[in-house]
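User: Please go through this model with me by question and answer.

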Amino acid sequence: MGKLETPPGARFTCQSCGLCCRNWSIAVTEEERQVLAAHDWVAEYPDLRDVPFFTRSGSHPATGQPLHRMRLRSDGTCPFLAPDGLCRIHKSLGGRAKPVVCRTYPYTVAYTPVGTFVGLRFSCPTVVANGGAPLAEDHKYLKDLARDFRALAQPGAAAEEASTAAVEAEWADAAAVERCVGGIFERPCGLAEKVELACRVLALLAEAKQESIRGRVGGFLEVMTPEVEAQRTGPAEGVQAPLPNERLLFRDLLHHICMREYVAYARSGFRARLAIRFRALCDSFRFRFNAGRVHLTGLPVPIPLTAPAEVASPVDDPVVAEMLTRYVLTKMFAKNYYGRLFAEWGQLPGLSLLLLSLGAIAWFARASAWARGARVSTYEDFRFGVRYVDYTLGASDLFARKIIRFQMGPILRPDTVRKLCLSYLLPAGPTAAAGT
Ligand code: SF4
């Protein structure tokens, strides 16, 4: 499995708040289903009589075994969630009987030829607050977890990655890009300035002839970064407004992020599924045309899609900036950025999406502020934004789909990311004001 690496300074201890046991219809393998189905739940918890626990959801792509999902209650909670907020599977059968998705949340694991990298999902409020014990102290637990997770994802897969000189050189190049972008995010400057500079460095890499820099990306960046820095104009000046098609695709990305509620309820039965699909279609049109209202899970009122443009973004508030910087650094350290993106798309689109997600977070933070009648988003709104965005992007295979890759490709160019991201990150961006 290689050396286990955890993000520097990251902390986590579950606070048993039960938030991850709501609105999330998690995957359950046939083996896990059999263990749970064999237990007499009604003898222990009479309220579980006639409660359906699972719903069928296709087959495992590698083994062909049936896959299932937790069948959520009508209020969106897991059927095993007890009124005290604790998990009944954990209480009755122990933590190891829980489905692997529950056991591994909120961790992410990326297996690479240079080690196994653990990351965290910012959909968990404790991760957002960086609360609990340092991850570095929990290596034994995380190692076991990584082993289980891998065995489940790829039954029978060889434990070690092939490690050749060519593969190592490729990873050394990837590490050099991470060091450079990470170094930018660790600077004591404003977040918008960091995004601007990071996008310029990514643009430089995208324009460079890949064959000529292969194996020596570190040296290339060392020479070129000071030049890029000298040329920059500063985020507030010279930010062009995104083009109409870029704005439309960004809104489409926001729509995909909002699909979380549909993912959660899509397993609740045929009729509910039909209703959900219809709503999804209507929402998709609303987002594309930037018109009408949408209901975002967690907000008390549906928001008009033009509303976020009316809200200012205090992104240089030190607490907000610290949280978003930690978010970028943790995700980057964890290597897979979003889902399988890094493995399947390559590093530059992965990093571009990570930076673009900051723009999406700012959009949701503005929506949250608007919903409570405020005109400036606060740290709490950004907490909502980061959890909302990471909930979908951190857990779904959305960006592994070729069609989405094709669709989103044009807005993952570093220059476009810069324009879109700064529009929402800056206190009153040029396009935010124009109603992106
Ligand atoms: S949301 Fe986080 S803190 Fe709350 S129960 Fe889930 S893992 Fe624990």
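The questions below cover confidence, the ligand shell, the core, two helices and one loop residue.

Analyst: This is a predicted model, in which local features need pLDDT of at least 70, side-chain atom pairs count only at pLDDT 80 or more, and totals for chains, interfaces and linings use all residues. Residues are numbered from 1 along each chain as its sequence is written.

User: What is the average pLDDT of the protein chain?

Analyst: pLDDT is the predictor's confidence in each residue, from 0 to 100. In this chain, 86% of the residues score at least 70. The average pLDDT of the chain is 83.

User: How many contacts beyond near neighbours in sequence does the stretch 429-435 have?

Analyst: Two residues are in contact if their C-beta atoms, placed from the backbone, lie within 7 Å. Residues 155-160 stay under pLDDT 50 and have four contacts beyond four places in sequence. Residues 429-435 are also below 50, and the number of such contacts for this stretch is 20.

User: How do the residues of the shell around the ligand divide into nonpolar, polar and charged?

Analyst: A residue counts as near the ligand if its C-beta atom, placed from the backbone, lies within 6 Å of it. The residues around the ligand include Cys-14, Cys-17, Cys-20 and Cys-124. With Ala, Val, Leu, Ile, Met, Phe, Trp, Tyr, Cys and Pro as nonpolar, Asp, Glu, Lys and Arg as charged, and the others, Gly among them, as polar, the shell has seven nonpolar, four polar and no charged.

User: Which helix gives the most to the largest nonpolar core?

Analyst: A nonpolar core is a set of buried Ala, Val, Leu, Ile, Met, Phe, Trp, Tyr and Cys residues joined through C-beta atoms within 7 Å. The largest has 96 residues, and Cys-421 is one of those with the most contacts inside it. Helices are DSSP runs (H or I, at least four residues), numbered from the N terminus. With 15 residues, the helix that gives the most is α16.

User: How many residues of α19 are buried?

Analyst: A residue is buried if 20 or more other C-beta atoms lie within 10 Å of its own, exposed if 12 or fewer, and partly exposed in between, with C-beta atoms placed from the backbone. Helix α19 spans residues 414-425, and its buried residues include Arg-418, Lys-419 and Cys-421. The helix is largely enclosed by the rest of the structure, because the buried count among its twelve residues is eleven.

User: Is Ser-74 buried or exposed?

Analyst: Ser-74 is found in the loop between β4 (66-70) and α3 (88-93). Since 8 other C-beta atoms lie within 10 Å, Ser-74 is exposed.

Note on methods:
Helix = DSSP H or I, 4+ residues; strand = E, 2+ residues; numbered from the N terminus. Expected span 1.5 Å × (residues − 1).
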